[in-house]
Structures are given as C-alpha cells and as structure tokens.
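Colleague: I am new to this structure and would like to learn how to read it. Could you take me through it feature by feature?

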Amino acid sequence: MTSFNFDVITLFPKAFELINNLGVITRALDKNLIDVNLHNLREYGEGSYRQVDDKPYGGGAGMVLKPEPIYKAYESIRKLPKSKTLLMTPQGKVLKQKDLARWSTLDQIIIICGQYEGFDERIRCLADEEISIGDYVLSGGEIPAISIINGLTRLLPGTLGDPDSLIYESHNSPLLEYPQYTRPQVFRNMKVPDVLTNGNHRDIELWRKEQQLKRTYKRRRDLMRGDESNKFDFDEND
Ligand code: SAH
C-alpha cells in the first residue's frame with residue numbers, strides 16, 4: 001500500500017515533533033501508512049537574512065508572510081495525482097469530520113501554515129480550500145495542521161486497531177457518542193448503569209441510542225437540525 005503524503009510548509013518545523021509522540025499517528029508513521037514532509041519556510045527566505053515576513057502595506061500591527069518564499073516552497077513540492085492544498089486561516093471554512101473523510105481518499109495533502117499577523121493575500125490562490133479549526137485565533141497554523149494530520153490519519157485503513165471504533169463515534173453521524181464505562185463497576189459511589197452489565201444486547205443498543213439522542217439534544221441541538229427521525233421529547237433536566 002502506498003502511503004498518504006502530508007507536505008507542510010511551515011516556519012516552525014520543530015512543532016511537528018509532537019506527531020512522533022501521538023500514539024495512533026506515530027504507529028502510522030512507523031508502519032509507513034503516512035509520510036509527513038516538512039518544508040521549512042526559512043530555507044526559502046530572501047537575502048542573507050532569509051527574510052520571510054515584512055510590514056503590511058497601508059500600515060497596521062505586526063508582520064505578514066511574504067509571497068515569494070511560500071511560492072518557492074510550494075513549487076518545490078512534488079505533486080501527486082490526487083492532491084489538495086489547504087491554507088490554514090481563521091477566516092476559512094470551519095473543519096468538520098466530513099472534510100477529513102473526504103480528504104482521506106486522496107494521495108496527498110499540502111498544508112500551508114501562516115504565522116504572525118497572517119500572510120500576503122496573493123498566497124490564497126495556491127489553496128484549493130481555506131480551513132479554520134474553530135472560531136478562535138492561534139499564533140500559527142502548526143497546531144491546526146497537526147489537528148488535520150491527526151484526524152485524517154486515524155481514518156486511513158490499517159491505522160486504528162479496531163476500525164469499528166470509527167462507526168459510532170461523535171461527528172460521524174448527526175449524534176454524539178453514547179456514554180462509555182470501563183472497570184471497576186463501582187467507582188467512588190458512581191455505578192455503571194445496570195443495562196450495560198446485564199448482557200442483553202438489544203437493551204444495550206436501545207439504551208445507547210437513547211443516550212445519544214438525549215446527549216446531542218442537550219449539548220448540540222444544532223447537529224440534529226433537519227434530521228426528522230431524531231425529533232424526540234426530552235425532559236430538559238436529563
Ligand atoms: N490576523 C489574522 C490571523 C493571524 S493568526 C486574521 O485576522 O485573519 C496567524 C496564523 O495562524 C494564521 O495565518 C493561520 O495560519 C493560523 N491560525 C490562527 N488561528 C487559526 C484557526 N482558528 N484555524 C486555522 N489556522 C489558524
């Protein structure tokens with residue numbers, strides 16, 4: 001099996017050392033299911049100082065990434081047949097599980113990480129998609145990029161020990177996952193619900209579905225909207 005390629009353009013390649021210590025992702029690297037190629041933006045910087053940023057035209061706070069180094073780094077990357085380029089920006093489309101699933105059938109994802117106050121507007125046209133990991137602002141695109149590498153890798157065949165664990169989890173359907181328990185049966189006076197220890201699979205299935213509906217209704221009603229089959233009457237205190 002050929003591996004899935006991540007190519008990341010970043011000013012802080014060291015931030016990606018984290019993926020060598022992330023369980024499932026580390027195993028995927030070891031098994032050559034993924035390749036993570038880091039392209040250090042500094043190496044494409046201009047002049048003897050390898051300059052990568054500059055003051056914004058028109059004034060304003062901070063520095064923005066210059067276009068030339070990013071273009072040079074981008075053009076140095078070998079593109080595979082099924083490849084997409086993602087630009088990390090808080091102005092992008094907010095990342096959803098279905099995006100990760102959609103990208104998991106590609107051969108390659110190229111990720112461009114911003115820094116400082118962001119990047120020159122002319123970088124935008126390199127990207128197929130502009131992605132935000134949520135409505136908050138981080139100092140750079142490295143943590144968003146690691147989130148994408150992490151979330152996508154666990155969807156690749158051969159990565160998770162038990163592929164079934166992908167089926168029922170939160171955000172794979174409009175419902176959040178049901179509550180989970182493991183041993184001991186009683187912990188500090190908190191008891192595992194009887195239904196889970198009685199061994200009746202039909203009851204367990206029904207209980208889990210009910211919990212999923214209640215939990216999603218209470219926490220994330222927005223996810224249920226438009227799904228007629230999930231219209232239930234719940235006590236607000238549940
Ligand atoms: N001034 C910019 C924000 C710059 S934050 C603006 O208002 O749009 C610096 C860099 O961090 C961004 O270029 C982006 O690459 C990354 N970043 C910050 N928050 C992010 C988020 N929520 N999602 C994705 N990338 C983000």
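Modeller: Start with the overall layout, and keep in mind that this is a predicted model. The C-alpha centres of domain 1 and domain 2 are 37 Å apart.

Colleague: Which residues belong to domain 1 and domain 2?

Modeller: The domain assignment gives 4-153 to domain 1 and 173-231 to domain 2.

Colleague: How many residues surround the ligand, and which are the closest?

Modeller: A residue counts here if one of its heavy atoms lies within 4 Å of the ligand. The ligand has 21 residues around it, and the closest are Met-88, Gln-91, Gly-114, Glu-117 and Tyr-136. By type, the shell divides into 10 nonpolar, 10 polar and 1 charged.

Colleague: Which elements give two or more residues to that shell?

Modeller: They are β5 (83-94) and β7 (129-132). The most comes from β5, with 4 residues.

Colleague: What should I look for in the polar contacts of the ligand?

Modeller: Look for pairs of N or O atoms within 3.5 Å. Here an oxygen atom of the ligand lies 2.9 Å from a polar backbone atom of Gly-114. A ligand nitrogen atom is 3.0 Å from a polar backbone atom of Ile-133, and a nitrogen atom of the ligand is 3.1 Å from one of Gly-134.

Colleague: How much of the ligand does the protein bury?

Modeller: The ligand taken alone exposes 560 Å², and the protein buries 87% of that. The space that the ligand takes is the largest pocket.

Colleague: What about the backbone itself?

Modeller: Most peptide bonds are trans, and most residues other than glycine have a negative phi. Against that background, two places can be inspected. The peptide bond from Arg-183 to Pro-184 is cis, with omega near 5°. Pro-184 is in the loop between α4 (142-153) and β8 (186-187).

Colleague: And where is Arg-50 placed?

Modeller: Arg-50 is in the loop between β2 (34-40) and β3 (53-54). Arg-50 is not a glycine, yet its phi is positive, at about 55°.

Notes:
Residues numbered from 1 in each chain as written. Predicted model: local features only at pLDDT ≥ 70, side-chain atom pairs only at ≥ 80, totals over all residues. Heavy atoms only, no water. Polar contact = N/O pair within 3.5 Å; in protein donor to acceptor, adjacent residues only side chain to side chain. Areas by Shrake-Rupley, 256 points an atom, 1.4 Å probe, with all protein chains shown as cover. 1 Å grid on protein atoms, 1.4 Å probe; cavity = no way out; pocket = protein on both sides within 12 Å on 5 of 7 lines; lining within 4 Å. Sits in = over half its atoms within 2 Å of the grid points. Nonpolar A, V, L, I, M, F, W, Y, C, P; charged D, E, K, R; others polar. Domains from an automatic or database assignment.
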